Amino acid sequence: MPTAPAGTLYRGREGMWSWVAHRVTGVLIFFFLLVHVLDTALVRVSPEAYNAAIGTYQTPIMGLGEAGLVAAIVFHAFNGIRILLVDFWAKGPKYQKTMLWVVVGLFVVTMAGFLPRHLINVFTGGH
Amino acid sequence: MAHGTAAVAKIDSPRSPYVRRRTTRGNYELYSWVFMRASGVVLLVLIFGHLFVNLMVGEGVHAIDFAFVAGKWANPMWQVWDLLMLWLAMIHGTNGVRTIINDYATRDVTRGVLKGLLYLAFIVVVVLGTLVIFTFEACPPDAPAELLASFCTA
């Protein structure tokens with residue numbers, strides 16, 4: 001039986017958890033992307049087929065899923081900029097924890113701009 | 001394994017200069033690391049623009065239907081936008097998942113199978129998506145006119 005690798009360097013705190021969140025959101029976004037290209041490909045089948053598929057994206061449950069997807073994308077995007085700064089800015093590693101809280105702040109501001117608009121569209125819009 | 005006469009015979013003579021071991025691998029992982037950062041910045045712009053136009057403007061997600069897509073792809077700028085987004089996002093995402101598989105799948109067979117499935121999904125999705133963007137028909141002749149963009153009947 002293989003044993004668990006010993007002596008790993010999971011240190012906890014901001015650095016590790018932002019890395020974990022970056023991986024989790026990245027995988028989520030990737031699997032949505034695979035599905036999203038397939039549903040968009042239905043435009044090549046017929047207008048009816050595409051409209052039926054996209055109609056399921058306009059239900060309240062999927063609307064909440066879209067909110068979660070956008071949240072994952074916004075975090076991944078801002079934390080990606082933080083990774084760039086850690087890698088290429090001389091003071092990046094020194095300020096990596098501060099920058100995570102900046103990422104969280106920008107995330108909250110962006111979602112505050114997006115969520116009301118999207119949720120109003122999801123729950124009161126429609127034909 | 002490293003004991004024995006063969007190993008002894010290979011010991012360098014004292015004071016021989018340090019020779020950096022030549023790597024037999026290419027710079028693939030370096031290019032992949034650079035690509036993740038470069039494509040990430042471009043994808044931030046492309047995807048935020050995509051989300052803004054499709055979810056924030058007007059009725060948001062409720063405005064999306066066949067005619068909406070036809071209207072967007074009537075503009076070559078959105079064709080290029082979506083094509084670039086498709087390719088960059090698929091390479092960026094596939095490379096990210098490849099890294100994760102390499103990190104956690106320790107058995108050779110498991111790792112090989114998972115990466116095989118990953119690369120198969122990459123090829124299917126990229127080829128399908130590219131074909132759809134380039135062969136899209138905005139005004140299919142047998143479709144009901146009320147489902148089509150206004151420019152089909154005008």
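**Figure 1. Cover over the buried residues of α2(A).** In this predicted model, the buried residues of α2(A) are covered by elements that include α1 of chain A and α3 (66-73) of chain B. The cover thus named comes from chain A together with chain B. The residues beneath are Pro47(A), Tyr50(A) and Ile54(A).

**Figure 2. The two sides of α2(A).** Pro47(A), Tyr50(A) and Ile54(A) are the buried residues of this helix. They share one side of α2(A), because their arc around the axis is only 70°. In an α-helix there are 3.6 residues a turn, so residues three or four places apart point the same way. The other side of α2(A) holds Ala52(A) and Thr56(A), which are exposed.

**Figure 3. Where chain A touches chain B.** The contact draws 37 residues from chain A and 34 residues from chain B. On the chain A side, four elements give two or more residues: α1 (13-40), α2 (47-56), α3 (60-88) and α4 (96-124). The largest share comes from α1(A), with 9 residues. By type, this side of chain A divides into 19 nonpolar, 12 polar and 6 charged residues.

**Figure 4. Annotated transmembrane regions of chain A.** An unreviewed UniProt entry places the feature "transmembrane region" at residues 20-38, 67-86 and 98-115 of chain A. In the model, residues 67-86 of chain A are 100% helix and 0% strand. The end C-alpha atoms of that span lie 28 Å apart. Residues 98-115 of chain A are likewise 100% helix and 0% strand. Here the end C-alpha atoms are 25 Å apart.

**Figure 5. The helices of chain B.** Chain B has 6 helices and 0 strands. Read from the N terminus, its elements run α-α-α-α-α-α. One of the helices of chain B, α3 (66-73), returns from Figure 1, where it helps cover the buried residues of α2(A).

**Figure 6. The extent of chain B.** The C-alpha trace of chain B spans about 90 × 30 × 25 Å along its principal axes. Its radius of gyration is 26 Å, whereas a compact globule of 154 residues would have one near 15 Å. Of the 154 residues in chain B, 17% are buried. Contacts also link distant parts of the sequence: among those in chain B between residues at least 6 apart, 68% join residues at least 24 apart.

Key: Residues numbered from 1 in each chain as written. Chains lettered and ligands numbered in written order. Predicted model: local features only at pLDDT ≥ 70, side-chain atom pairs only at ≥ 80, totals over all residues. UniProt positions renumbered as here; feature names shortened; annotations may be inferred. Contact = placed C-beta atoms within 7 Å. Nonpolar A, V, L, I, M, F, W, Y, C, P; charged D, E, K, R; others polar. Buried ≥ 20, exposed ≤ 12 C-beta atoms within 10 Å, placed from the backbone. Arc of directions from axis to C-beta. Rg over C-alpha atoms; globule rule 2.2 N^0.38 Å.
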